[in-house]
Amino acid sequence: MQILHHLIVRLIPLVPKPLVRIVSKPYVAGPHLKDAVVAVKDLNSQGAVCTMDVLGESAKELDECKAAVTEYLTVLDTIITENLNCNISLKPTQLGLLIDKEACYQNIRTIVEKAKSLDIFVRIDMEDVTCTSDTIALFKRFKKEFDNVGIVLQAYLRRSIADINDLIGLGTNFRLCKGIYNEPRAHAFKDPKIINQNFGYLLYKSLSASCYVGVATHDEQIVWETLELIDQLGLEHDEYEFQMLLGVEEELRKILIDEGHVLRVYVPYGVNWYAYSMRRLKENPKIAMYIIKALICKVFKRGK
């Protein structure tokens with residue numbers, strides 16, 4: 001099965017873009033902000049809270065970054081005017097981290113300052129390991145001035161224990177996830193069991209230090225371990241939350257909401273939906289398998 005998954009990942013770039021759009025539709029709200037608003041309203045009606053993300057990363061020009069800032073400012077206004085139970089998540093490389101670190105800081109600061117005035121939380125997302133130190137440094141600068149910012153830690157990175165020890169004393173709001181980038185073994189654990197165990201340890205460290213944690217997982221084993229830990233610590237529902245991606249594990253999402261847990265759904269949108277979808281498909285060969293099957297059926301029908 002593992003060999004088949006590797007083969008599927010290699011075949012994904014051959015999949016026609018229209019077919020990728022059809023299959024990825026449940027996981028991306030759409031190309032426009034209005035699409036994300038519809039998705040968030042629907043999720044809010046189901047009892048979920050949300051975070052909106054304008055798709056895009058690794059900007060090459062500062063003009064791209066300025067356009068992203070403008071879009072995020074519009075998102076913030078829209079959250080208020082549409083009365084959405086939603087915050088925002090942003091990627092530093094979309095806002096200039098790889099071009100000019102100070103320009104990136106100023107771009108993010110513009111967004112964070114506006115969000116603060118509207119009482120909206122901003123999650124500074126984590127990207128590949130080459131950006132980790134710079135992203136943490138950015139977060140620390142913002143944390144000195146703003147209380148509406150949080151950061152992400154990835155359980156598969158070897159450095160994350162040291163990072164959490166560094167950050168818990170700041171009363172950091174964490175999003176804790178396994179991690180999605182294909183990092184070398186020197187930087188990341190490769191054994192899924194070790195990654196899960198490290199996830200549990202990081203969760204224990206942060207919750208025990210009274211940090212608010214967004215437990216980002218679709219793995220029911222980790223969900224159960226989280227429920228066990230919050231029971232042991234005697235935490236109330238407003239001291240943590242679960243987080244999931246749009247269109248993934250909807251049944252488990254409903255179960256957690258019905259049990260009274262805060263459940264936040266990541267709602268991505270934007271014209272860069274294709275690059276995001278391709279990356280997600282490479283991360284999840286099971287979903288990619290459905291695409292390959294659909295493509296084969298389409299070719300087979302044409303051949304008849």
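In this predicted model, L62, L98 and I99 come together to make a nonpolar patch on the surface, with an area of about 250 Å². One member of that trio, L98, sits in the loop that links β2 (86-90) to α5 (101-117). Its relative accessibility comes out at 53%, and because the cut-off for exposed is over 50%, L98 lands in the exposed class.

Strand β2, at the start of that loop, has a rather different tale to tell through N87. This residue is found in the strand itself, and with a relative accessibility of 8% N87 counts as buried, because that class takes in anything under 20%. As for what surrounds N87, setting aside neighbours within four places in sequence, the contacts are C50, T51, M52, I79, I120, F121 and R264.

Now for β7, which spans residues 240-245 and is mostly covered, with 6 of its 6 residues buried. In a regular strand, side chains alternate between the two faces of the sheet. For β7, Y240, F242 and M244 belong to one side, while E241, Q243 and L245 belong to the other, and every one of these is buried, so both faces of the strand are covered.

Strand β7 also has pairing partners. It runs parallel to β6 (residues 213-216), and 4 bridges join the two. Within this pairing, V213 is matched with Y240 of β7. To get from β6 to β7, the chain passes through helix α9 (residues 220-233), making a β-α-β crossover that is right-handed.

The pairing with β8 (residues 263-269) is parallel too, and 4 bridges hold the place between β7 and β8. Here L245 stands opposite Y266 in β8. The route from β7 to β8 goes by way of helix α10 (residues 250-258), and this β-α-β crossover is right-handed. Strand β8 also covers the position of R264, the residue already listed among the contacts of N87.

Stepping back to the whole chain, the secondary structure amounts to 12 helices and 8 strands. Of the 304 residues, 51% are buried. Among contacts with a separation of 6 or more, 73% are between residues 24 or more positions apart. As for the outside, the chain exposes about 15,000 Å², with 54% of that supplied by carbon and sulfur atoms.

Conventions:
Residues are numbered from 1 along each chain as its sequence is written. This is a predicted model: local features need pLDDT of at least 70, side-chain atom pairs count only at pLDDT 80 or more; totals for chains, interfaces and linings use all residues. Side-chain values use heavy atoms; hydrogens and water are left out. Patches are made of residues with over 30% relative accessible area and no salt bridge: like charges are joined within 9 Å, nonpolar side chains (Val, Leu, Ile, Met, Phe, Trp, Tyr) within 5 Å. Accessible areas come from the Shrake-Rupley method with a 1.4 Å probe; for residues, only the protein chains shown count as cover. A salt bridge is a side-chain nitrogen of Lys or Arg within 4 Å of a carboxyl oxygen of Asp or Glu. Buried means under 20% relative accessible area, exposed over 50%, partly exposed in between (1.4 Å probe, protein chains only). Contact means heavy atoms within 4.5 Å. Two strands pair if DSSP finds at least two bridges between them. A crossover is right-handed if, with the strands pointing away from the viewer, the path from the first strand over the helix to the second runs clockwise.
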